[in-house]
Amino acid sequence: MDYQSTQYTVDLLIQRIRTGRLALPDFQREFVWNPSKVVDLLDSVARRWPIGSLLLLSGPQPFAIRAIDHAPQISSNNLELYILDGQQRITSLFHAVNDVSDYCYYIDFNLLQLGDDEFIRWQRREQFEKSYPTVKSRATARIATVKEVWELELFFAWLEQLPPGEIGSNFVSLREHRLGGLQAKVYKVMAVELDQEIELEALARIFETLNRTGVRLSAFDLMVAALYPSGFRLRDAWEEALQKYEILRESNVDSNEVLKLISLLIRKFEGKPYSKGVRQGDLLAIEKSLIRRYWVDALELYVSALEYCKKHFGVICEDVMPTPSMALGIAIFLSKDSTFAHQDIATWWVDRLATQNYSQAANTRIISDTDNINSGKFELIGNASTLIAELLDQPARRNGLLLRGLSGMLISKGARDLLSGNLLKEEKKVCYCAIDENGALRKLSASDPLRRLVLTTQATENQIGKGKSLGSLPSASIQHLLTQGFDSNLHRSNEFINALIQA
């Protein structure tokens, strides 16, 4: 089998997408990355870190084809290469560099100058364009879209709009030294191109292997090695914890979360100089003796936080955990010397759900919240019921934090599977489905709004393909679509939401 390795600049890949020479075989799944994953990718590109190689296939091939998400329509006449592996990465870069998706990705130069690592941000397009409709408004706020940073001509046009007194050379320096990869014709991606004549059997085997392999090296793995000389077998301790606490297994907890909690506890009880944060580099910098000293307390506290989330917020499995960082917040609320009541904790939880505060820059958010909680106070960001009502018509999967959080609240209120009548809180797993205009259940698609959400058991999801229907259920009525039987007397969406988010 013939293949060749090559390098492409991001600009060349984007040009090929624009001209219809690079596209997807139709058997590829949809673009599914949420904005936070796109930001992580952009961060790696900015630092000129590798983002993995692409797997491309020379054409033509006997496949149906489709364009990259938000790219121009394509014709098989121009197509040169199919993307077999790397769709999510290429699409993410295409969206950000061209500024064409439902989200705007931008650089916050205020944070960049302060040395904050989470300076790449995102916002829904309609909200961003309302807040920053012009180049001047963005320059005044000292933010620039990725596209404006990427293209030198646009970047200098942005510099010209800076307020009087701003030194443009400072921003040029930041672009060169901190955003080096986010510039045209700089960043290159490795690619393997398979020959056009490859046998379909070989192609199928390669594709299958790509989709079931991949090992990630984490801070926990590195900490295991660092602690080995001290005699503390961190991996053994984690395996023992998994055997002892069923909820760790049910929640499929990442071992790094316990290390993060250790860092937060050290910050609370030993002082900020001993714990800078919860990023991987921060964790690896913690004094190793403190990891050993706090391991048991952090583990037990994290288990208590998971049990609290399960009891009060319906987090019965990882599928309805809004984000692991919010579980860390609950742990800090429950930690020694904390004086908060359940009403306070529930208010914080709902506020962070409604504002989706942890959907980006989560490492920064949890440090800020931890410090505030430790001081005996926390800030509310928005009106929860109003914000949730405004988002009900937004795509559910693109608002994953709110999707999972609302689902948990439904479960905690006694939501039932609409076909079997089983209480969802008694299940080990729930599935996300939607209901169409005729009352038929189907799997939740990327475009389905939160308003059409229906939670089901695994057994019900397995029956969906058989065309199961909810009969005469009026699908336009939010109380039926969302309350799932726990209170059928609610008739207005705001009334429902207010009832749902009560502690």
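How do strand β10 and β11 pair, and over how many bridges? In this predicted model, strand β10, made of residues 431–435, pairs with β11 in the antiparallel sense over three bridges. One position shows the pairing in detail: Ala-434 stands opposite Arg-442 in β11.

These two strands belong to an open sheet of three strands, in the order β11-β10-β12, with antiparallel pairing. The edge strands are β11 (441–443) and β12 (453–456), and each of them pairs on one side only. Neighbouring strands of the sheet are turned against each other by 45° on average, direction ignored. A helix also belongs to this picture: α21, covering residues 400–412, packs on the sheet and touches β10 and β12. The direction of α21 makes about 60° with that of β12.

Next come contacts between helices. Two packed helices are described by the angle between their axes and the distance between the axes. For helix α14 (residues 256–269) and helix α16 (residues 288–313), the axes come within 8 Å and cross at roughly 110°. Angles of 65 to 115 degrees count as roughly perpendicular, and α14 is therefore roughly perpendicular to α16. On the α14 side, the contact is made by Glu-257, Val-258, Leu-259, Leu-261, Ile-262, Leu-265, Ile-266 and Phe-269. On the α16 side, Leu-290, Ile-291, Tyr-294, Trp-295, Ala-298, Leu-299, Leu-301 and Tyr-302 take part. Sorted by class, the contact has 15 nonpolar residues, no polar ones and one charged residue.

Glu-257 is worth following further. This residue is found in helix α14 and has a relative accessible area of 6%, so it counts as buried. Leaving aside neighbours within four places in sequence, Glu-257 is in contact with Tyr-302, Pro-324, Ser-325 and Leu-328.

Two of those partners, Ser-325 and Leu-328, are among the buried residues of α17. How much of helix α17 is buried? Nine of the 11 residues of this helix (residues 324–334) are buried, so α17 is largely enclosed by the rest of the structure. The buried residues are Ser-325, Met-326, Ala-327, Leu-328, Gly-329, Ile-330, Ala-331, Ile-332 and Phe-333. They pack against α14, α16, α18, α19 and α21.

Charged side chains are the next topic. Side chains of opposite charge can pair when their charged atoms come close. The structure holds 27 salt bridges. One of them joins Asp-369 and Arg-352, whose closest N and O atoms are 2.7 Å apart. Asp-369 lies in helix α19 (residues 362–374) and Arg-352 in helix α18 (residues 342–355), so this pair ties together parts that are 17 residues apart in sequence. Because its relative accessible area is 4%, Asp-369 is buried. Arg-352 is buried too, with a relative accessible area of 2%.

Another salt bridge is formed by Arg-138 and Glu-148, with the closest N and O atoms 2.6 Å apart. Arg-138 sits in helix α6 (residues 135–141) and Glu-148 in helix α7 (residues 146–150), so the pair ties together parts that are 10 residues apart in sequence. Both of these residues are buried.

Is Asp-117, which forms a salt bridge with Arg-47, buried or partly exposed? Asp-117 has 30% relative accessibility and therefore counts as partly exposed. Arg-47, also at 30% relative accessibility, counts as partly exposed. The closest N and O atoms of this pair are 3.8 Å apart. The two residues link distant parts of the chain, 70 residues apart. Asp-117 is in the loop between α4 (109–114) and β7 (120–124), while Arg-47 is in the loop between α2 (35–46) and β3 (54–58). Both belong to a network of salt bridges that links Asp-43, Arg-47, Asp-116, Asp-117, Glu-118 and Arg-279.

Finally, the backbone. Most residues other than glycine have a negative phi. Which residue in the loop between α3 (87–98) and β6 (103–108) is described here? Asp-99 lies in that loop, and it has a positive phi of about 55° although it is not a glycine. At 24% relative accessibility, Asp-99 counts as partly exposed. Asn-252 has a positive phi of about 50°, and it is not a glycine either. Asn-252 is found in the loop between α13 (246–250) and α14.

Methods. Residues are numbered from 1 along each chain as its sequence is written. This is a predicted model: local features need pLDDT of at least 70, side-chain atom pairs count only at pLDDT 80 or more; totals for chains, interfaces and linings use all residues. Side-chain values use heavy atoms; hydrogens and water are left out. Two strands pair if DSSP finds at least two bridges between them. Helices (H or I, at least four residues) and strands (E, at least two) are DSSP runs, numbered from the N terminus. Axes are lines fitted to C-alpha atoms, for helices over the stretch in contact, and angles run from 0 to 180 degrees between N-to-C directions. Contact means heavy atoms within 4.5 Å. Angles under 35 degrees count as roughly parallel, over 145 as roughly antiparallel, 65 to 115 as roughly perpendicular and the rest as oblique. Ala, Val, Leu, Ile, Met, Phe, Trp, Tyr, Cys and Pro count as nonpolar, Asp, Glu, Lys and Arg as charged, and the others, Gly among them, as polar. A salt bridge is a side-chain nitrogen of Lys or Arg within 4 Å of a carboxyl oxygen of Asp or Glu. Buried means under 20% relative accessible area, exposed over 50%, partly exposed in between (1.4 Å probe, protein chains only).
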